[in-house]
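Subject: Structure handover

Hello,

Here is the structure for you to look through. My notes come after it.

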Amino acid sequence: MKAIQFDPTILHYTVSKAIGRFFPSVFFGPMSCLSYRDVEEPSFPNQEWVKVRVTYCGICGSDLNLIFLHDSPATSPFASFPFTIGHEIVGVIEEVGSEAQGLSVGERVVVDPILSCEARGFREPCPACRRGDLSLCERMTAGIVSPGLLIGACRDTGGGWSSRLVAHRSQILRLPAEVSDVNAVMIDPFATALHGIMRDPPQKGQTVLIVGAGVIGICVLIALRTLGIEARVVVLAKHPFQAELAVQYGADEVLLNSGADWDRQLADILGAKVLKPIFGSPVIQGGADVVYECVGRDQSINDALRFAKSKGKVNLLGVASIPRKVDWTPIWLNELEVKGSFACSTEEYRGERRRTYDVAIDLLRSGKADLTALVTHRFPLDQYRDALATAAGKRKTKAVKVVFEP
């Protein structure tokens, strides 16, 4: 079968790094770490696994970070090469292992990609998995499959940027008839947003600032509204089409981070003061009670920190490239509480502990959330260069979520 794989050989990595800053298309050209090739279908690590035929798989911001070589080397031990990319997966079960009880061929499913203890063959969970923090599993490099935080970074499982992959029975969630395939391909980013919020939800009457109005930022907005959190929500967007989406999904205030005095306008919206430093960006005194940073770039992290009020909370949901020009001063100067958030896990929902994916499916099934408008572009696998250029060139293409349909 055909698959889009990532394999960072020294030659291709060096060439891409050297030339890519001038010609970005190099990152998915013939001399890149990316290739569209024939591969064997992945096999079951044991009989608790199933094979899934992919219907849709999204292009995530983390995938673009990977392809454009923005990831920190600190993540490399948690991957095994070459691997087939793609973790936002909706599909149909095509084959069932003899010990994957309760699952049947032909069922529509979504795949929770995290490769934690159970998928790795451990009967006794690690402390993180015992708590339900599956995305923080301490055995991501051990067990019956090769290292990998998730499907889409492990050479043994395959990934969604192909026609077929394998997943452990614990990673499979059935899709109800009320949830379309297009909605389902958005479950992973929606669950990521839910996880970042549900660990410590904003309180009634607080002001929330969402920095970034891409997929994760808009999903955070939708999640806040869908969960019924009675907070004032302000969105800082980069592009006008993103601002329009934020208005559509219920933001109280939306501002573009462009123009000479946008930060002063945002300070006014938040009821904050603007102070002038000797040089550099204006210093903000006051701001939002809770900030969700949903981009992962130097500017967005700086903005999230400086627009949080003293004793405020900053949640980092954006998958960050290596920060090089972040001013961490607001953290100690304003005694901020800063939390990272990775993927999704297990949440308190309606009085019980449930998988974040399950919460997302429940909200979609009920009709409280509809994410179909966020899927703006679809491509077959063999047009992957056009797909990646579309996903990376949002200003021109107005792309929100770009998906492959293998």
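Below is what turned up, topic by topic.

Please keep in mind that this is a predicted model.

**Sheets and strands**

Start at the N-terminal end. Three strands make an open sheet in the order 2-1-4, and the pairing is antiparallel. Strand 2 and strand 4 (83–84) are the edges, each pairing on one side only. Strand 1 (residues 2–6) meets strand 2 over five bridges, in the antiparallel sense. For a register check, find K2: D38 in strand 2 stands opposite.

Next, look at strand 7 (residues 164–168). Five of its five residues are buried, so strand 7 is largely enclosed by the rest of the structure. Both faces are covered. R164, V166 and H168 are buried on one side, L165 and A167 on the other. The antiparallel pairing of strand 7 with strand 3 (residues 49–58) runs over five bridges. Here W49 stands opposite H168.

**Nonpolar cores**

The largest nonpolar core has 58 residues. Within it, I187, F190, I210, V220 and L374 touch the most other members. Many elements feed this core with at least two residues each, among them helix 5 (187–198), strand 9 (207–211), strand 10 (232–237) and helix 11 (356–365). Helix 6 gives the most, with nine residues.

What does V220 touch, leaving aside residues up to four places away in sequence? The list is A193, I197, I210, Y292, C294 and L317.

There is also a second, separate core of 57 residues. I67, V145, Y384 and A399 are included in that one. As background, nonpolar side chains tend to be buried together in soluble globular proteins.

**A nonpolar patch on the surface**

Not every nonpolar side chain is tucked away. I19, F22 and F23 make a nonpolar surface patch of about 340 Å². F23 sits in the loop between helix 1 (10–20) and strand 2 (34–38). Its relative accessibility is 52%, and the cut-off for exposed is over 50%, so F23 counts as exposed.

**Salt bridges**

The whole structure holds 25 salt bridges. Three are worth pulling up.

- E94 and R53: the closest N and O atoms are 3.4 Å apart. E94 is in strand 5 (residues 89–96) and R53 in strand 3, so the pair ties together parts that are 41 residues apart in sequence. Both ends are partly exposed: E94 at 31% relative accessibility, R53 with a relative accessible area of 36%.
- D181 and R108: the N to O distance is 2.9 Å. D181 belongs to helix 4 and R108 to strand 6 (residues 108–111), so this bridge ties together parts that are 73 residues apart in sequence. D181 is partly exposed at 24%. R108 is partly exposed at 25%.
- R354 and D358: the closest N and O atoms are 2.9 Å apart. R354 counts as buried, at 16% relative accessibility. D358 is partly exposed, at 25%.

Which residues are linked with E94 and R53 in a network of salt bridges? They are E41, K51 and R164. R164 is also one of the buried residues of strand 7.

**Backbone points to check**

Three spots deserve a look on the backbone.

- P82: the peptide bond from F81 to P82 is cis, with omega near -10 degrees. P82 lies in the loop between helix 2 (61–67) and strand 4.
- L69: phi is positive, about 60 degrees, although L69 is not a glycine. L69 is also in the loop between helix 2 and strand 4. Is L69 buried or exposed? At 6% relative accessibility, L69 counts as buried.
- R350: phi is near 55 degrees, again positive in a residue other than glycine. R350 is found in the loop between strand 17 (346–349) and strand 18 (352–355). At 55% relative accessibility, R350 counts as exposed.

So the two positive-phi residues differ in setting: L69 is buried, whereas R350 is exposed.

Best regards

Definitions and conventions
Residues are numbered from 1 along each chain as its sequence is written. This is a predicted model: local features need pLDDT of at least 70, side-chain atom pairs count only at pLDDT 80 or more; totals for chains, interfaces and linings use all residues. Side-chain values use heavy atoms; hydrogens and water are left out. Patches are made of residues with over 30% relative accessible area and no salt bridge: like charges are joined within 9 Å, nonpolar side chains (Val, Leu, Ile, Met, Phe, Trp, Tyr) within 5 Å. Accessible areas come from the Shrake-Rupley method with a 1.4 Å probe; for residues, only the protein chains shown count as cover. A salt bridge is a side-chain nitrogen of Lys or Arg within 4 Å of a carboxyl oxygen of Asp or Glu. Helices (H or I, at least four residues) and strands (E, at least two) are DSSP runs, numbered from the N terminus. Buried means under 20% relative accessible area, exposed over 50%, partly exposed in between (1.4 Å probe, protein chains only). Two strands pair if DSSP finds at least two bridges between them. A nonpolar core is a set of buried Ala, Val, Leu, Ile, Met, Phe, Trp, Tyr and Cys residues joined through side-chain atoms within 4.5 Å. Contact means heavy atoms within 4.5 Å.
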